[in-house]
Amino acid sequence: MAIGYSADIRSSSHGPLIERTIKALIDGKWHGALPETPDVRLSLKNSGDGFHHKIGTQAASAFPARPNRYHLYVSYACPWAHRTIIYRKLKALKNVVSMSVLHPRWAGPGGWYFADDQRSTIDHCGGRRYLYEVYQAAQRDYTGRVTVPVLWDRKKETIVNNQSGEIIRILNTAFDSWGDTSVDFYPADLRSEIDALNAWLIPSICAAVYKVGFASNQAIYDQAIVSLFEALDEVEKRLSRQPCLLGRRITESDWHLFATLCRFDAVYFGAMKCNLRRLIDYPALCDYTRRIYQLPGVADTVRFDHIKQHYYDAIGEIDPTIVPHGPQSDYRNTRGPGVDAEGTGSDRHETSPDLFLKEVHSLHEYLEHWMKGEVSDQKRGPLRLENALADDFLVIHPGGNREGKSDVIRNFARAYGEKSADYALQIKDPSVRMLADGVALVTYTESHRGEPGRTRLSSALLRQRPDRESLQWLFLQETYASGSGTDRHG
Ligand SMILES: N[C@@H](CCC(=O)N[C@@H](CS)C(=O)NCC(=O)O)C(=O)O
């Protein structure tokens with residue numbers, strides 16, 4: 001996460017100000033707190049961005065593939081380095097490419113450092129104290145940031161590459177003579193799609209969380225957070241249709257996304273103010289992250305202790321005066337802490353769902369909020385009767401996996417039938433329209449045993465809960481097909 005800044009907070013008439021400094025080597029000299037002036041930014045920009053060599057399979061290559069010749073410098077806190085750790089693990093390269101771990105505390109004057117302790121290792125290649133010394137060893141007059149990951153050549157004592165996107169490509173195939181060739185995250189038939197998706201995914205999500213967290217003013221923050229969550233909504237839709245970003249096979253693009261998502265609720269939501277929604281508020285993204293985390297060998301690479309220590313150690317880089325958009329706390333609902341089950345105490349209904357409806361201007365908008373899960377179960381006030389019904393139904397488990405139409409009908413009919421039996425209601429001719437993944441519109445007629453000849457045409461929206469185990473439903477409309485008047489809800 002560390003993007004070379006450290007901060008000095010001074011109060012001013014406009015409240016606290018952030019004075020950012022950068023950690024970098026300039027012409028080979030280490031600076032632990034360089035003021036981020038336009039000149040400094042320019043010289044870093046013009047210095048090129050690091051090392052981009054490849055590992056070749058030809059003996060004549062500058063860096064030929066050899067076991068135990070190359071070494072990775074990583075931090076478990078850093079998502080970019082995390083991807084290289086995952087590849088080393090899943091390509092079975094632990095005994096082919098060795099690794100040293102930098103301490104997650106980065107904000108100190110020396111930047112990344114080695115320590116022989118619980119959260120870091122020594123520098124196995126040169127016994128150095130700081131990572132910048134590794135860069136100095138590779139290029140005496142180096143100018144640029146000192147970042148992880150780094151792929152080091154023990155033989156030539158230099159850096160092969162310090163771009164995670166390139167290092168994972170190297171690890172994906174270069175050592176196949178010794179690693180697991182059955183694993184290929186950049187398969188030939190998907191390369192152009194992976195490249196195209198990465199070109200959107202990395203700036204829109206993986207790097208975007210930093211644009212939000214390190215925004216230098218409110219306006220930049222406001223824009224960055226909206227774009228970030230639009231992108232997250234996008235992948236939520238994509239992953240609610242298929243298990244991986246490009247279909248059924250896990251590819252490089254999934255590792256880009258996973259390393260970001262597994263950090264989301266731990267640090268991006270809180271420390272970096274990416275807090276419109278949590279990952280767990282996204283059913284498909286949450287499911288996806290959980291599934292990948294549970295793949296053999298992945299969980300060990302996710303070190304929340306390192307991640308949290310690193311982000312909160314450098315929290316000073318984040319401008320405390322920027323007001324976050326989230327979290328979306330809404331206490332207008334009729335139930336929750338401090339409000340009794342009946343939701344009585346009418347003054348509390350100042351902000352009742354009717355108001356909510358007025359506020360959202362239309363039922364359609366309300367439905368949109370509802371389908372995105374932005375309307376909590378109990379925020380339907382006047383629908384409380386149904387609310388009560390629905391709550392009871394919430395315990396119904398329609399079998400845990402994705403339902404087909406018939407399942408929805410059967411479970412709806414059974415659940416409603418069972419419950420409505422108490423109210424002597426019978427439902428007939430239910431029909432279902434899938435509106436979106438996990439959201440169904442059911443229309444049916446029902447009659448009340450106590451009111452022979454009077455039937456109602458009703459419709460309800462069903463939505464699968466994030467746990468995909470239970471349903472939530474919202475009654476929309478009931479029209480008496482015969483007898484007196486129309487009774488409209490919602
Ligand atoms: N483009 C590099 C970026 C790596 C990067 O930003 N690493 C961060 C840690 S998450 C770092 O070392 N930052 C130190 C700095 O910017 O001074 C890559 O993809 O490998």
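**Overall architecture and selected local features**

Buried residues account for 50% of the 490 residues in the protein chain. The structure described here is a predicted model. Its protein chain contains 15 helices and 12 strands. Among the contacts in the protein chain with a separation of 6 or more, 63% are made by residues 24 or more positions apart. The accessible surface of the protein chain amounts to about 22,500 Å², and carbon and sulfur atoms contribute 53% of that surface.

The packing of two helices was examined next. Two packed helices are described by the angle between their axes and the distance between the axes. Helix α2, spanning residues 79-90, packs with helix α4, spanning residues 164-173, at an angle of about 5°, and the two axes lie 9 Å apart. Because angles under 35 degrees count as roughly parallel, α2 is classed as roughly parallel to α4. On the side of α2, the contact is formed by Trp-80, Arg-83, Thr-84, Tyr-87 and Arg-88; on the side of α4, Ser-164, Ile-167, Ile-168, Leu-171 and Asn-172 take part. By residue class, the contact of α2 with α4 comprises five nonpolar, three polar and two charged residues.

Helix α8, which covers residues 252-261, is mostly covered, with 10 of its 10 residues buried. The buried residues of α8 include the charged residues Glu-252 and Asp-254, as well as the polar residues Ser-253, His-256 and Thr-260. Trp-255, Leu-257, Phe-258, Ala-259 and Leu-261, which count as nonpolar, are likewise buried in α8.

Thr-251 is located in the loop between α7 (218-239) and α8 (252-261). The relative accessibility of Thr-251 is 0%, and Thr-251 therefore falls in the buried class, for which the limit is under 20%. When neighbours within four places in sequence are set aside, Thr-251 is in contact with Phe-185, Leu-190, Ile-194 and Leu-246. These four partners of Thr-251 are nonpolar residues.

Cysteine residues were considered last. Cys-262 has a relative accessible area of 8% and is buried. Cys-286, with a relative accessible area of 12%, is also buried. Both values meet the criterion of under 20% relative accessible area, so each of these cysteines is assigned to the buried class. A search of the whole structure for disulfides returned zero.

Technical notes. Residues are numbered from 1 along each chain as its sequence is written. This is a predicted model: local features need pLDDT of at least 70, side-chain atom pairs count only at pLDDT 80 or more; totals for chains, interfaces and linings use all residues. Side-chain values use heavy atoms; hydrogens and water are left out. Helices (H or I, at least four residues) and strands (E, at least two) are DSSP runs, numbered from the N terminus. Buried means under 20% relative accessible area, exposed over 50%, partly exposed in between (1.4 Å probe, protein chains only). Contact means heavy atoms within 4.5 Å. Accessible areas come from the Shrake-Rupley method with a 1.4 Å probe; for residues, only the protein chains shown count as cover. Axes are lines fitted to C-alpha atoms, for helices over the stretch in contact, and angles run from 0 to 180 degrees between N-to-C directions. Angles under 35 degrees count as roughly parallel, over 145 as roughly antiparallel, 65 to 115 as roughly perpendicular and the rest as oblique. A disulfide is a pair of cysteine sulfur atoms within 2.5 Å.
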